[in-house]
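User: I would like to go through this model by question and answer, starting with the strands and ending with the contact between the chains.

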Protein chains: 2
Amino acid sequence: MPGMIQQLRDAWDASDSMLCVGLDPDPDQYPRVLRGDADATFRFCKEIVDATADLVCAFKPQFAFFASQRAEPALERVCRYIRETYPHVLLLLDAKRGDIGSTAEHYAREAFDRYAAHAVTINPYMGTDSVEPFLRRADHGVFVLCRTSNPGGGDFQNQDVGGRPLYAHVAQRVATEWSAIGECGLVVGGTYPGELKEVRALAGDVPILVPGIGAQGGDLPGTVEAGADSRGRGMVISSSRAVLYASDGPDFADAARAEAERTRDQIRELSNR
Amino acid sequence: MPGMIQQLRDAWDASDSMLCVGLDPDPDQYPRVLRGDADATFRFCKEIVDATADLVCAFKPQFAFFASQRAEPALERVCRYIRETYPHVLLLLDAKRGDIGSTAEHYAREAFDRYAAHAVTINPYMGTDSVEPFLRRADHGVFVLCRTSNPGGGDFQNQDVGGRPLYAHVAQRVATEWSAIGECGLVVGGTYPGELKEVRALAGDVPILVPGIGAQGGDLPGTVEAGADSRGRGMVISSSRAVLYASDGPDFADAARAEAERTRDQIRELSNR
């Protein structure tokens, strides 16, 4: 099995796409044809995956949406389905784990063995040893929260540490120390292209997950310009709600595909400028 | 139903104890009598809970140990059992959640509705709006990671921000802004009593969860002196492995009780000095 970063590079090449579809299954927003279906969560995710798999470099299931509805078994099935049916696509579990080493080992088992994810999102606050159990797992990797796009993202991330914001220190540590232990990416929201550019300058060719495109109102042209790596790639640009809930009619999968295709094409055009 | 902090005060009074038993069920360490039992995880936790409930102010199930073994149904049963059988004990889910607002709402439902926890541990890195969905839930609360006791805890938490470490800024924001929105505690490891004292001075009577006593080698006398609030209480001092795995023989529950009683008595003596 290739390592996580090689898997991602292959996915960029195979799809010629930096789009990621985030799987945030919210029963209140399911298409009407699936409401009341006991297997709605798996079926909804499977339809979205099948409709968009050739347009994306990655799928990103969001753990919270499964956990709040007791749907870990559906999450397991969605993950296995993606790995088996679309082996060229990166499977990135968005669970934002972070705990002391002995506990982090259990989270690594959960993400990589139980859910078969190539990579998992991680919170850096607890430091190096909280990430090591993930990094030491061959062929797998982490995406580390750096600068997030939510309104309070700057509350601590933008605190000034020796003349630079905290998130810049996170970016640098990930790009140097943590990447020397295992395979790392960073998470930087799409709302502030200036900060994304700063992170890219610090992080070299470390891949960057950019959530917040689509419903969250991220700046796509600014993002593509600021976040590209030395080869014009380097990003996993994630859209969730705008794709998932493009229609609640029986055409929901087609509508999701159309929205994903539109976003992929927009990213392609912007990165070819 | 009383709020989380009143629930905790009542628990301190009813038990005359600041001890918390952490439930970190690791199948590799189960007593031999339970190995091979399909319901071992629930049975092990129930035996530990029954053996120690009168000695503690709180139980703290650690999510990762259930998640790595596909045991969310057992976690649900353990949580319901504690709430129904020992209603005076605080139920604190240790899951270290942290995500943007709309996703955090799903984590709040998971912790408070699905698992019926009074409180959940939270990572502050994503800022105020990532915590608000938890704070806005009446009768519930959060314990926010501040200074953790693991080897890399200082990597970012001790970064100097305007002359004070980052964790001091977290403590202050929790004690002022976040406590004005909802009910908050802090998490400060037992390894560095000087830092615990600093946090206590910043945080007034905000309750502090102190993990890392017992197997993790925390300093109990230093902790009790440094962390007490104005009424000589104020802490939830958690021991996990030292209690859970005091014996792997058929006497495991009695051995857990003996270890918990010893630790409770030690805390009592130290806080009466």
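User: Which residue is the bridge partner of Phe59(B) in S3(B)?

Analyst: This is a predicted model, and what follows is computed from it. S2(B) and S3(B) pair in the parallel sense, with 2 bridges between them. In S3(B), the residue bridged to Phe59(B) is Leu91(B).

User: In S4(B), which residue is the bridge partner of Leu93(B)?

Analyst: S3(B) also pairs with strand S4 of chain B, residues 119-122, in the parallel sense over 3 bridges. The partner of Leu93(B) in S4(B) is Val120(B).

User: Are the residues on the two faces of S3(B) buried or exposed?

Analyst: A residue counts as buried if 20 or more other C-beta atoms lie within 10 Å of its own. On one side of S3(B) are Leu90(B), Leu92(B), Asp94(B) and Lys96(B), and on the other Leu91(B), Leu93(B), Ala95(B) and Arg97(B). For the strand as a whole, 8 of its 8 residues pass. Both faces are covered, and the residues named on them are all buried.

User: In what order do the 8 strands of chain B close into a barrel?

Analyst: The pairing around the barrel is parallel. From one strand to the next the twist averages 30°. The order is S1-S2-S3-S4-S5-S8-S9-S10.

User: Which residue of S10(B) stands opposite Leu209(B)?

Analyst: S9(B), residues 208-213, is mostly covered, with 6 of its 6 residues buried. S8(B) and S9(B) run parallel, joined by 2 bridges, and Leu186(B) has Ile208(B) as its bridge partner in S9(B). S9(B) also pairs in the parallel sense with S10(B), residues 235-239, over 4 bridges. There, the residue opposite Leu209(B) is Val236(B).

User: At about what angle does helix H8 of chain B run to S5(B)?

Analyst: Helix H8 of chain B spans residues 166-181. The helix lies across strand S5 (141-147) and strand S8 (183-188) of chain B. Its direction relative to S5(B) is about 160°.

User: Where in chain B is Val89(B) found, and is this residue buried or exposed?

Analyst: Val89(B) sits in the loop between helix H4 (72-85) and strand S3 (90-97) of chain B. Beyond its neighbours within four places in sequence, its contacts are Ala11(B), Ala53(B), Val56(B), Cys57(B), Ala58(B), Phe59(B) and Ile82(B). Because 26 other C-beta atoms lie within 10 Å, Val89(B) is buried.

User: How many residues are in the largest nonpolar core?

Analyst: Nonpolar side chains in soluble globular proteins tend to be buried together. Among the core members that touch the most others are Cys57(B), Val144(B) and Leu186(B). Cys57(B) touches residues including Leu8(B), Trp12(B), Met18(B), Val89(B) and Val236(B). The number of residues in this core is 188.

User: What is the radius of gyration of chain A?

Analyst: Chain A holds 12 helices and 10 strands. The globule rule gives 19 Å for 273 residues, and the value for chain A is close to that, so the chain is as compact as a globular protein of that length. Buried residues make up 58% of the chain. The radius of gyration is 18 Å.

User: What relation holds between chain A and chain B?

Analyst: A turn of 180° with a shift of 0.0 Å along the axis lays chain A on chain B, at an RMSD of 0.0 Å. With that turn and that shift, the relation is that of a two-fold axis.

User: Which residue of chain A comes closest to the rotation axis?

Analyst: The distance is taken at the C-alpha atom and comes to 2.6 Å. The same surface serves both copies, as 100% of the contact residues of chain A recur in chain B. The residue closest to the axis is Val161(A).

User: Which element gives the most to the side of chain A that touches chain B?

Analyst: The contact takes 43 residues from each of chain A and chain B. Elements of chain A that give two or more residues include helix H3 (63-67), helix H6 (128-135) and helix H8 (166-181). The element that gives the most, with 7 residues, is H5(A).

User: Which residues of chain B is Glu110(A) in contact with?

Analyst: Glu110(A) lies in helix H5 (residues 101-114) of chain A. Glu110(A) is buried, because 25 other C-beta atoms lie within 10 Å. Setting aside neighbours within four places in sequence, Glu110(A) touches Tyr115(A) in its own chain. Its contacts in chain B are Ala64(B), Ala67(B) and Ser68(B).

Note on methods. Residues are numbered from 1 along each chain as its sequence is written. Chains are lettered from A and ligands numbered from 1 in the order in which they are written. This is a predicted model: local features need pLDDT of at least 70, side-chain atom pairs count only at pLDDT 80 or more; totals for chains, interfaces and linings use all residues. A residue is buried if 20 or more other C-beta atoms lie within 10 Å of its own, exposed if 12 or fewer, and partly exposed in between; C-beta atoms are placed from the backbone. Two residues are in contact if their C-beta atoms, placed from the backbone, lie within 7 Å. The radius of gyration is taken over C-alpha atoms; the globule rule is 2.2 Å times the number of residues to the power 0.38. Copies are superposed by least squares on the C-alpha atoms of residues with pLDDT of at least 70 in both. Two strands pair if DSSP finds at least two bridges between them. Axes are lines fitted to C-alpha atoms, for helices over the stretch in contact, and angles run from 0 to 180 degrees between N-to-C directions. A nonpolar core is a set of buried Ala, Val, Leu, Ile, Met, Phe, Trp, Tyr and Cys residues joined through C-beta atoms within 7 Å.
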